[in-house]
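Visitor: Could you walk me through this one? I'd like to start with the overall picture and then get into the details.

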Amino acid sequence: MERNSRRGFVSLAAVTGGLLLTGPPAAANPHPHQTPDGSRTSGRERLNKTLVLRAFARQNNGGSFYEILDERVVWTVVNGRTYRGKREFLDEGSAPILTRLATYLHMTPQNLWADDDTVIARFEGNATALDGLPYRNEYCWVLTLRGNAVVRAYAYLDMVAVAELMDRVPEPGPTARGRD
């Protein structure tokens with residue numbers, strides 16, 4: 001996929017959209033170790049999906065999804081920027097959004113697919129911003145895991161929703177609490 005390419009996003013959307021047509025999400029699959037096309041999932045794929053689902057649960061209980069990130073993670077916001085390292089991503093990628101929120105970002109997984117060390121997670125994010133208005137976004141993250149941690153991520157999200165939040169809610173001062 002070309003870097004910063006809308007065609008790449010359309011390709012990913014077509015692939016994941018095609019997966020949506022093949023059957024129900026894995027959570028609704030009556031045969032949890034079998035994919036909608038009848039093939040079997042590997043132990044590694046089940047483990048990776050479990051790790052990502054636990055990270056979503058941790059986030060939704062007031063913790064941080066990002067605990068699952070490797071210290072040397074490379075995180076690319078498609079049509080945005082690439083962050084090299086967990087600290088850089090948390091400080092410069094997620095903090096400008098999360099510090100403008102009055103509540104934690106509740107992440108509701110819609111679909112989750114695994115192929116070897118790659119997990120694709122499509123989810124909705126909802127929170128209340130510091131101005132009392134809702135912040136809503138839809139995300140699709142393509143995560144590569146090694147050693148039970150995310151080492152590479154491609155994040156697709158609605159950048160218009162992010163820009164509206166940034167324009168609407170001023171950056172909080174140094175006393176604001178961080179939410180990584």
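Visitor: What share of the residues counts as buried?
Guide: Of the 180 residues of the protein chain, 40% count as buried. Keep in mind that this is a predicted model.

Visitor: And the outside, how much area does the chain expose?
Guide: About 9900 Å². Carbon and sulfur atoms supply 52% of that exposed area.

Visitor: How many helices and strands are there?
Guide: The protein chain has four helices and six strands. Along the sequence they follow the pattern α-α-β-β-α-β-β-β-β-α.

Visitor: What part of the contacts is long-range in sequence, say 24 or more positions apart?
Guide: Such pairs make up 54% of the contacts in the protein chain with a separation of 6 or more.

Visitor: Let's go inside. How many residues are in the largest nonpolar core?
Guide: That core has 37 residues. Those with the most contacts inside it are Val52, Phe65, Tyr66, Trp75 and Trp141.

Visitor: Which elements give two or more residues to it?
Guide: On the helix side, H2 (43-60), H3 (86-98) and H4 (159-168). On the strand side, S1 (69-77), S3 (106-115), S4 (118-128), S5 (134-146) and S6 (149-157). The largest share, five residues, comes from S5.

Visitor: What else is there apart from that core?
Guide: Another core, of six residues, lies apart from it. Val78, Cys140, Val142 and Tyr156 are among its members.

Visitor: Back to S5. Which way does S5 run relative to S4, parallel or antiparallel?
Guide: S4 and S5 run antiparallel, joined by eleven bridges. One of the pairs is Ala127 with Tyr135 in S5.

Visitor: What sits between those two strands?
Guide: S4 and S5 form a hairpin with five residues between them. Gly132, in the turn, has a positive phi of about 85 degrees.

Visitor: And how many bridges pair S5 with S6?
Guide: Eight, in the antiparallel sense. Tyr139 stands opposite Leu157 in S6, and Val142 stands opposite Tyr154 in S6.

Visitor: How many residues separate the strands in that hairpin?
Guide: Two residues lie between S5 and S6, and Gly147 in this hairpin takes a positive phi near 55 degrees. Asn148 is also in the loop between S5 and S6. Asn148 has a positive phi of about 70 degrees although it is not a glycine.

Visitor: Why does a positive phi there deserve a comment?
Guide: Because most residues other than glycine have a negative phi.

Visitor: Is Asn148 buried, exposed or something in between: which class does it fall in?
Guide: Asn148 counts as partly exposed, because its relative accessibility is 41% and that class runs between 20% and 50%.

Visitor: Where is Asn79, the other asparagine with positive phi?
Guide: Asn79 is in the loop between S1 and strand S2 (82-84). Its phi is near 65 degrees. With a relative accessible area of 39%, Asn79 is partly exposed.

Visitor: What about S1 and S6, parallel or antiparallel?
Guide: S1 and S6 run parallel, with five bridges joining them. Thr76 has Tyr154 in S6 as its bridge partner.

Visitor: Change of topic: H2. What span should its 18 residues give?
Guide: At 1.5 Å a residue, H2 should span 26 Å. The factor is applied to one less than the number of residues. The end C-alpha atoms of H2 are 26 Å apart, so the two values agree.

Visitor: Which residues of H2 are buried?
Guide: Glu45, Asn48, Lys49, Leu51, Val52, Ala55, Phe56, Gln59 and Asn60. The buried residues of H2 pack against S3, S4 and S5.

Visitor: There's a glutamine in that list. Why does Gln59 count as buried?
Guide: Because its relative accessibility is 7%, and buried means under 20%.

Visitor: What does the side chain of Gln59 reach?
Guide: The backbone nitrogen of Phe65, at 2.9 Å. Not counting residues up to four places away in sequence, Gln59 touches Ser64, Phe65, Tyr104, Leu105 and Met107.

Visitor: And what happens just after H2?
Guide: Gly62 takes a positive phi of about 95 degrees there.

Notes. Residues numbered from 1 in each chain as written. Predicted model: local features only at pLDDT ≥ 70, side-chain atom pairs only at ≥ 80, totals over all residues. Heavy atoms only, no water. Core = buried A, V, L, I, M, F, W, Y, C linked by side-chain atoms within 4.5 Å. Buried < 20%, exposed > 50% of the residue type's maximum accessible area, 1.4 Å probe, protein only. Contact = heavy atoms within 4.5 Å. Polar contact = N/O pair within 3.5 Å; in protein donor to acceptor, adjacent residues only side chain to side chain. Pairing = 2+ DSSP bridges. Areas by Shrake-Rupley, 256 points an atom, 1.4 Å probe, with all protein chains shown as cover.
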